[in-house]
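Me: I'd like to learn how to read a model like this one, feature by feature. Could you walk me through it?

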Amino acid sequence: MSSPPSEELTRLLHEWSNGHSDALPRLMELVYPELHRIAARHLSRERAGHTLQPTALVNEAYMRLAQQQPGKQWNDRTHFFAVAARVVRAVLVDHARARGAVKRGDGAVGVELAEAHASVAARPVDLLDLDAALVELEAMNAEQSRIVELRYFAGLSIDETAEALAISPSTVKRGWLAAKTWIRRRLDGDLAAP
Amino acid sequence: MTPERWARVTELFDAASQVPPAAREAWLEAIGDDELRAEVRAMLASYDTDPGFLEQPLAAVNALEQAVRDPLTGRRLGPWRLVRKVGQGGMGVVYEAHRDDDAFDGRAAVKVLPAWSAGTLTERFRFERRVLAGLDHPGIARLIDAGSGDDGLPYCVMEFVDGAPIDAWCRERSLPLGARVDLFLRVCDAVAYAHQHLVVHRDIKPANILVTGDGRPKLLDFGIATLLEAESGVAIGATRTGHSSFTPEFASPEQVRGDRVTTSSDIYSLGVLLYVLLTGRRPYDLAGQPPLEVMRAICEVEPARASSVADTSTADALRGDLDNIVARALRKAPAERYATVAAFADDLRAWREGRPVTAVPASMAYLARRFVRRHRLLVAAAAMVTVAVVGGGAVAVWQARIARAEKASAEARFNDVRALANAVVGPLYDAIAAVPGSTAARQLLVTEALAYLDRLAALSADDLDLKAELAQAYQKIGDVQGNHLDANVGDVQAARVSYGKLLTLRQAVFAARPGDDSRRGLAQAELLLGDLALGENQLDDAVARYTRVLDLITPAMKKAPDEATMLMLARAHGRIGVAHGWAGRTREAAAAFDRAIAILEARLARTDASPEVNQSLAATLSNSGDIYYYAEQFDEALGRFERALDMARTPPPGTPESTVRRRLSQALIRTAAAQKEVGRLHDALRLETEAIALLEAATALDPKDVTVRFDLATTRQNVAITHLRRGELDPARREATAAVALFEATTAASPGSRQFQFDFAATWTTLGQIELAARRFASSADAFRASVELFRDPRVAERKQTERLTAHEGLGDALSALAAETGDPAAAREAVAAYTAARDGFAALVATGARTAPGATRAAAITAKLTRLAPEVAP
């Protein structure tokens, strides 16, 4: 095995949480393959009826990366979740792009999520549209964009999200409801693109 | 939206959410900023319509799962966007797809073919694709498109069928037996349609037959295997027995062996399907078996009878006819299965309607029972059949008595049975032969009688007379089975076996009693085998047989030969000429015809020549003229036709009036046709008018004579051509339309003859040319389409390639003119397809070496038209 990346990971997480946004690309580069591997492994041994939970995915990634540095306290769990959520988003968006989904005149088309669980998920979400909306939202309110990532891509609860972002649960809830409602309107075409 | 404004919206939205719905409107009115109020109102409305939006993070993970497991969903192939994976098979993964542009409405199924089939698409792939795209049948999912994606991944786009696999569909509804058979018959119709268009499915199985909500079965993947084979050069199925996704249970023995796959393989797979539908079981249990064991089971093991594996509730209904029908479809040797899907379906329909089925073990009692029931007029004959059955029992009794050495009584029995069997083969056979539609009955009758004679012959190996009788019986059954000059059941394989036995017997007789009679008998057997080969277009085999006839007869010619010997010799030379002519070897054909003509002329010079010599010479002249005519050496053809015409005008005394009239009209038609080709249109019209008068008189005399009516139709067609050449379009159309009507009426009364089918097709071509000249393009295209349709029958097309391709070219001419006139892009597309078919056909003729020079010229001319019409298509 090549040298464990966790030392670098720790450093990058610290940098990122202290506002060094240029640490993020490298962070993702480190976390991305691990998440992908975990997802693939889960799927290969999956039996009917078993579905990989996003929290489990992110937790397992965290455990694996943390264990690679046993001697050190490595408990930036909350920071890690923030990165992981972003990585999951990136995995999916990159994948959708790679599949050649392109914009057409009347809005984005691409991967329609959740066909297999149509009864559970109320509405398929176009991933590329969602991504574009999050980019816009980031400009309006970066915290709300993080909240959506953690809730939707990492599957965190309101309280877990609050912990990960070090804000109050009520702030998370307020931001979440406003953000997702705005995203829905954006995806519906109720709002003009900037 | 600015962050500041958005913060304000967030705040107000949150506050509004806390307000009870009833009070909300008043609360909103209190907002002073109109825009802000509208914004918050819209937010509330949006939230209320879908409060669960994004609340389900599972959705994201499902996408991740899918991303890892199935990298194609969401991808685009050409204009198609893959939306959802709907199935996976040995030959690729199937997706539901939508088209991004508006050119095609609705959804489709896209089959992404396996990577090993990737590569540059070949010309043949495109050709096959066009053929498949032409399949238009309600029971077949249409091939809409095929091509390769940006990265070369090949795919086929098919009509999307929303339905359940046929076996599951039947099971879920507990469909009764009769309804299952009816459903299966619909599948047969679709397969038969495809076979008529020369497309073999190769992978018929329940997963490829979906039944839609309204109960209609639709076949998927028609010809996809062929497409793949065209693409990769790899035989599908044959080499993939061990592949996990292969379904060997439905594959025929020839498929698992890697032998040539034909329509008969589909018939086998249909047999397996029927077995499954009727019994709920597969004929072989191959699960988990190693590939060699699978192969052995399919190629060697006889499956259990359907009735023996079915539930007790259905077993009774299956026992007998249905068992026999399924067993016949599942025969290991393709030649022993049903010859066509239509024959298979006919038997099932017969079972549905309580008529006798053809798939029976040869049991005369069975035939007698059914035959008498349906044909009361034949009760007398059937009574004799029953006697023959008793005779069969007598053989067994007789054999038992031999064992007890009661020899004298046994010999009496022997002679009784022999006389009875010979009566069956002789007078009874001839009596039944006179009954229209009795071909199958005749076959069974002779088969059964032969079985007795065979047993008798085995008991009495040295009896040459018995051998001669046996030979006679074999010749008769061979004629019924496959002599193309006579009404026959089209079982050429069986005829070959019978004639082969005839040959063996005649060889034995000749070896024991060498002499002119036995020599001629042997030569005749070879001649019949040669005719069989000729009928099957196995021209080299035919020439070899006829050459053997010559080798046998020629020694006898050194002595003063009798007329029968000379006639046979001339016949063999003449047939060699026909075979060479059909093979496009005009020079060899001419030499052979010249020999035949010389022999006959020499004989005719003698005063004691029989009328048969006269007739034989006229026929040989006519045949040789045909060969020159089709080689487009019209002067040569005309010379021979004119001689034949002279002979027809001076018939030998005593020839029946109807025969004279018929021969004369034939000679007139041929001569006129050749005259037209050398520009003597006026003479041609005169002869054709004479022929029409003759034939109309004959029709009036015997309205039921189908042959005369066909001749009349052909002649009217010829007159139409003559008028067309003279630019007289109205009379041309009148004659051609009359000819079509005659053909239609007569074909309905007597379907199936190859030559008549060809003439019918040629008449449509003529009508198409007339309408084209009259600038009635749509009507012209319709006529050419009818011609192309008739030429699809391979038996019609095989020797008339030029005519067939002329019809395609004519269709192209009509459609491109129509497209130019109306601007209809569909017409232009169809024109391109028609021209391409014509050009490829001519190119293929050149490639095979038959008709090189004219073929190349025509191909070049069509390519030029194609280039004008669609520069991007022409190479």
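Reply: Happy to. Helices and strands here are DSSP runs, numbered from the N terminus, with at least four residues for a helix and at least two for a strand. Keep in mind that this is a predicted model. With that, chain A has eight helices and two strands.

Me: In what order do the helices and strands of chain A follow along the sequence?

Reply: The pattern of chain A reads α-α-α-α-β-β-α-α-α-α. Chain B, for its part, has 37 helices and nine strands.

Me: What share of each chain is buried?

Reply: A residue is buried if 20 or more other C-beta atoms lie within 10 Å of its own, and exposed if 12 or fewer do. In chain A, 40% of the 194 residues count as buried. In chain B, 45% of the 875 residues do.

Me: Which residue of α10 in chain B could serve as a buried example?

Reply: Take Thr279(B), which sits in helix α10, residues 263–279 of chain B. Thr279(B) has 22 C-beta neighbours inside 10 Å, so it counts as buried. Setting aside neighbours within four places in sequence, Thr279(B) touches Ala306(B), Val309(B) and Ala310(B). Of these, Ala306(B) is 27 residues away in sequence, yet the two C-alpha atoms are 6.4 Å apart.

Me: How do I read the sheet of three strands in chain B?

Reply: Start with the order of its strands, then look at how they pair. This sheet is open, runs β7-β8-β9 and is antiparallel. Its edge strands are β7 (163–165) and β9 (217–219), each pairing on one side only. On average, neighbouring strands are turned by 35 degrees against each other, direction ignored. Three bridges join β7(B) to β8(B), residues 209–212, and Pro165(B) faces Leu210(B) of β8(B).

Me: Which helices pack on that sheet?

Reply: One is α6(B), residues 166–173, which touches β7, β8 and β9 of chain B and makes about 95 degrees with the direction of β7(B). Another is α7(B), residues 177–196, which touches β8 and β9 of chain B at about 35 degrees to the direction of β9(B).

Me: Where does chain B have a positive phi at a residue that is not a glycine?

Reply: Ser174(B) is one of these, with a phi of about 45 degrees, and Arg202(B) is another, at about 75 degrees. Ser174(B) lies in the loop between α6 and α7 of chain B, while Arg202(B) lies in the loop between α7 and β8 of chain B.

Me: Are Ser174(B) and Arg202(B) buried or exposed?

Reply: Count the neighbours again. Ser174(B) has 7 other C-beta atoms within 10 Å, so it is exposed. Arg202(B) has 25 within that distance, so it is buried.

Me: How do I read the crossing of α22(B) and α23(B)?

Reply: Look at the distance between the axes, then the angle. The axes of α22(B), residues 516–535, and α23(B), residues 539–558, come within 7 Å and cross at roughly 165 degrees. Angles over 145 degrees count as roughly antiparallel, and the two helices are therefore roughly antiparallel to each other. The crossing of α22(B) past α23(B) is left-handed.

Me: What kinds of residues make that contact?

Reply: By class, the contact has twelve nonpolar, one polar and six charged residues. From α22(B) they include Leu522(B), Glu526(B) and Gly530(B), and from α23(B) they include Arg545(B), Val549(B) and Leu552(B).

Note on methods: Residues numbered from 1 in each chain as written. Chains lettered and ligands numbered in written order. Predicted model: local features only at pLDDT ≥ 70, side-chain atom pairs only at ≥ 80, totals over all residues. Pairing = 2+ DSSP bridges. Axes fitted to C-alpha atoms, helices over the stretch in contact; angles between N-to-C directions. Contact = placed C-beta atoms within 7 Å. Parallel < 35°, antiparallel > 145°, perpendicular 65-115°, else oblique. Left-handed = near helix turned anticlockwise from the far one by under 90°. Nonpolar A, V, L, I, M, F, W, Y, C, P; charged D, E, K, R; others polar.
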